[in-house]
Amino acid sequence: MKKRGYIFNGEVSMSLKDIYSRKVSKSEADNNFIFVLKNKLSFFPPIGEYFILQEGEISCKVRVESYPCTCRGPERPHEHYFIKWNGLQPGNKVEIKKNSSKNNEYAIKTFF
């Protein structure tokens, strides 16, 4: 498998701890968001705090948001976390990488 790197100011980073990756579900694509797993929340700024997500030359101001859910039943209420993002298709793979030289800036790549 060929490794892919992200370049910020000439710096290439490949550490898996620096990357949030997932395969886009139909629900995510239909509703224009990327789920954020609870155990990966610390990768991003605090919930509700805006940050820059850059795809190529396009930069967007986004944030991690949440909504209450009872998909495990009413006796097990919990939250789902997500980032709003348009243009996703089911089965796409997204990779989000922190910019180590700038606070609150991340890059996203979508693989079809």
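The legends below describe views of a predicted model of one protein.

**View 1. The whole chain and its secondary structure.**
The protein contains 1 helix and 10 strands. Along the sequence these elements follow the pattern β-β-β-α-β-β-β-β-β-β-β.

**View 2. Surface and interior of the protein.**
Of the 112 residues in the protein, 38% are buried. The area that the protein exposes is about 7,300 Å², and 51% of this area is supplied by carbon and sulfur atoms.

**View 3. Contacts between residues separated in sequence.**
This view concerns contacts in the protein between residues at least 6 apart in sequence. Of these contacts, 51% join residues at least 24 apart.

**View 4. The open sheet of 5 strands.**
The strands of this open sheet lie in the order 3-9-10-5-6, and their pairing is mixed. Strand 3 (19–23) and strand 6 (58–62) stand at the edges. Each of these two strands has a single partner strand, so one side of each is left without a neighbour in the sheet. From one strand to the next, the twist averages 25°.

**View 5. The pairing of strand 9 with strand 10.**
Strand 9 covers residues 93–98 and strand 10 covers residues 105–111. The two strands run antiparallel and are joined by 6 bridges. One residue pair can be picked out here: Lys-98 has Tyr-106, in strand 10, as its bridge partner. In the sheet order 3-9-10-5-6, strand 9 stands between strands 3 and 10, and strand 10 stands between strands 9 and 5.

Note on methods: Residues are numbered from 1 along each chain as its sequence is written. This is a predicted model: local features need pLDDT of at least 70, side-chain atom pairs count only at pLDDT 80 or more; totals for chains, interfaces and linings use all residues. Side-chain values use heavy atoms; hydrogens and water are left out. Helices (H or I, at least four residues) and strands (E, at least two) are DSSP runs, numbered from the N terminus. Buried means under 20% relative accessible area, exposed over 50%, partly exposed in between (1.4 Å probe, protein chains only). Contact means heavy atoms within 4.5 Å. Accessible areas come from the Shrake-Rupley method with a 1.4 Å probe; for residues, only the protein chains shown count as cover. Two strands pair if DSSP finds at least two bridges between them. Axes are lines fitted to C-alpha atoms, for helices over the stretch in contact, and angles run from 0 to 180 degrees between N-to-C directions.
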